[in-house]
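Open the model in your viewer and keep the selection panel at hand. The stops below are given in the order in which to select them.

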Amino acid sequence: MDNDDLVLPTPVNFPAFPYDPPYSIQIDLMSHVYTSIEKRQVTIVESPTGTGKTLSLLCSSLSWLVDEKDRARKGQLSQQSLSSAAPSWVAAQALDIRKRELEAEDKEYEERLAKARKTEAHFRILARARVTKKQRVTVDLVQGRVDEDAYLPDDDCENNQDNFSPAVRALMAKVDKNNKRDPASQGDEPSCTKIYYASRTHSQLSQVLPELTKLRFKHLALGGAGPDESTMRNTSRVDRDPCQKKRTFGDVDGDKCEVDQRQWRTVSLGSRKQLCINEDARSRPGDIDEKCRELLEGKKNTRCQYLPPVGDDSRMLDLRDQILASPKDIEDLATSGKNVQTCPYYGSRRAIPQAELITLPYNLLLQKTARDTLGIDLTNQVVIIDEAHNLIPTLLSLSSVRLTSSILSTSLKQVSVYYQKFRNRLSAMHALHLKRLLNFLDAFQRVAMDWMAQKLSAKSKRQDSEVITVPDFIHRLGRKVEGINLLEIESYLKRSKIARKISRYAVDISEGEKPERHSSGVATPPLHTIEALMLGLAGASEDGRLIFSAVGDAVEIKYQLLNPSALFRDVVELARSVVLAGGTMSPISAVVSELFTYLPPNRLTTFSCGHIIPASNVQTLLLTKGPSGLDLEFKFAQQSNPQVVSELGQIVLNFCNVVPGGIVIFFPSYASLNFAREAWSQSGLLDKFNVKKKVFLEPQESSEVEMILREYATAAKTHMPLDKKTGAVLFAVVGAKLSEGLNFSDDLARAVVVIGLPFANKNSPELQERMRYANQAEVRSGIRRPVGVKDAATEMYENMCMSAVNQSIGRAIRHRGDWASLVLIDRRFTLPAIRGKLPQWLRDDVAVCETFGQAMKHLGNFYREKRQRTVC
């Protein structure tokens, strides 16, 4: 019997949710997510910040996982019963035996993890007692002269499979993969259904595990009863979990106590940059991935000391169990690896099969090569992508490849030197692939040089950039290259690891006449960029474009995939269910049109909930006129109009007089912000702002952001008598460093102001090509828009703009008791098409201010009411 034959009904309530009762919108959200997972759907969820989005996503998905495991268990037992032809009493006895076997397996596994928790606690005590000393270098990348055999391609990649069918090749590859000895080799370890929880950054993912610990999933370990639910709800995590309390205070026997809370088997995945604990390798300049691979391949004392010897899995298995025994974020994972002197990067990979919840950044989930490297199989698994408003830009970024004429020239030179040196020692197949690679690189460099020569020609009217389709580019490479299977060469580069060997040889011979190892670190091989470009060229002839640009005397070539759904479709088709969640997903139509046009209607659902704050805690104003009656429309040309900028300064000055605490004001670009700052400085308006509120500007250097935010927060919370300076004003840029991911709660943003519509630069060749592609794709789909209705390109252009606006205004309301005004300054915000793309939770309660006086009246009444309520 298939597990899905038993349909799971959506729960009426979710007992594991830590706050009783949940808000109705939280129940609605959890019910929707649970149902979407059960029905194998893709869903887009919009839940404003402050509504408990992360907690609701975890509670609903893990509740489904509990029910799914129960369904799977019943399916196993039912299958056992149906397959038995014995008398009923014999079948019943066999079924009872099987139940006890499954229970014994569960108990054995729990005891193993309990033992791992005890071991981990022991190592933590030893680590605290250990005197920390500077690590002594025991791994040396400098080993003197290396035998030239080390530079030859791997023997096991010899491609003599050309006469085999694809099915046979796939089977051989699978057998080969299972036979490889890798620190993360998973062998026949049992796997289970998982929740993959992805977000853009590790800092965003670090917020997931604290929410996980709040959930109240019941689980009794090794017998005994835990505290009652009311006690659990009203005590701290340490106090309500006796084992956690004992572990916190260093009692290594704490794991023998009763545990009321279920310990989810959780793994946090990260890159080597976050998880490498080899200080010697980290301290060397160069690419950490390359250094790690070199140390992995090393022999004896050249192998990383944190990797167990080949064939000895005991240390890695112990670390795996410790990782699974209790949830750990990236920092905890690195600490555990240091405590047991075992690599946490490979340890976390080893824990994937048995994990129930896996947190990971976007790039590790979305790229097939990264998933294959980590051993991630999304088949029939649940994928949750949080902060999903970043998904489309991330997909486009991951699918783009940028290289320069310098990288191209270096790659050609390195391959040529390598081929000349080793061609008599290469097998026929290796020589053939490298010769094809040389032909490709040589033709590519010729095309780039010809393009630059034509641009520099006095008679040429060629612009600084040109967009070329993939077929046109292949044609320009010439007949010698047109017949080459680029995907085959890319596959060869990956299998043979020849890019690293060529790079090492090129760098080594540059140190002297004879090849020697050097201590300058390992750089990223330029051929890896070429490899990524080949993969793009071979996989998306219609959806890909090459953009040639002149940068000084050099040529920059960028490959751009125009269709973000191409990269994401693999995830959607493999996974059981995909949940895209964000505080602000509006306009949702943009996500659907760019990612899911191929899905049947019954596979795609959407959900958008209101806010938990009272309606009286937020007001949204659309300001169309300034104090002098000037129409406010901040198109590009108007952003540097002295009269318009002066009018804007008067608006800001009036706002500083009535808004308490902090004001965050978003400009459409750095250029417009800098022009306004200069104009206001010359006119004296900037000094007038400073009389009421301390002025801060968004820095252009990322290193300065934290300091500016800290100083702004201190000033925004400063309350003085009304006749003196009170609070602060922060001028920022939409889509820049302060427009998303930051928490401007309470006094940090009693008003958020957005100036103008931040449309992207239409002169960008990448954007022009994306817009052209959007129209072409719509024509191919057979959709015919009514006369007078904007085309797909214009719709996409507006959607990009409003998505950025919505992220900016979402900085203000961060929790149920928060309150703020949202002011959008530009008459174009009143247009139905633009206004309809605001978040649903504020879309229907917007005040259009035809005069500046109306806006000031609304603001005055709003803050007066809040001040009176505070006094009361």
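Start by selecting C276, N278, C292, C304 and C343: of the 14 residues that line the second largest cavity, these lie nearest its centre. The model is a predicted one. Helix 12 (288-297) and helix 15 (344-351) are the elements that each give two or more residues to this lining. Colour helix 12 separately, as it gives the most, with four residues. Colouring the lining by class will show 12 nonpolar residues, one polar and one charged. The space inside this second largest cavity comes to about 130 Å³. Over the whole structure, a search finds four cavities of 30 Å³ or more.

Next, select D818. Follow the chain from helix 33 (792-809) towards strand 17 (820-825); D818 is in the loop between them. Is D818 buried or exposed? Its relative accessibility is 0%, so D818 counts as buried. Now show side chains and draw two distances. One runs from the side chain of D818 to the side chain of R750, a polar contact of 3.2 Å. The other joins a polar atom of the D818 side chain to the backbone nitrogen of D746, at 3.1 Å. To complete the surroundings, add I613, N617, S745, A812 and I813, which are among the residues in contact with D818 beyond four places in sequence.

Last, go to K737, in the loop between strand 15 (728-733) and strand 16 (751-755). K737 has a relative accessible area of 26% and is therefore partly exposed. Add E701, which is 36 residues away from K737 along the chain, and link the two C-alpha atoms: the separation is 9.3 Å.

How values were computed: Residues numbered from 1 in each chain as written. Predicted model: local features only at pLDDT ≥ 70, side-chain atom pairs only at ≥ 80, totals over all residues. Heavy atoms only, no water. Buried < 20%, exposed > 50% of the residue type's maximum accessible area, 1.4 Å probe, protein only. Polar contact = N/O pair within 3.5 Å; in protein donor to acceptor, adjacent residues only side chain to side chain. Contact = heavy atoms within 4.5 Å. 1 Å grid on protein atoms, 1.4 Å probe; cavity = no way out; pocket = protein on both sides within 12 Å on 5 of 7 lines; lining within 4 Å. Points joined across faces, edges and corners; volume = space filled by probe spheres on them. Nonpolar A, V, L, I, M, F, W, Y, C, P; charged D, E, K, R; others polar.
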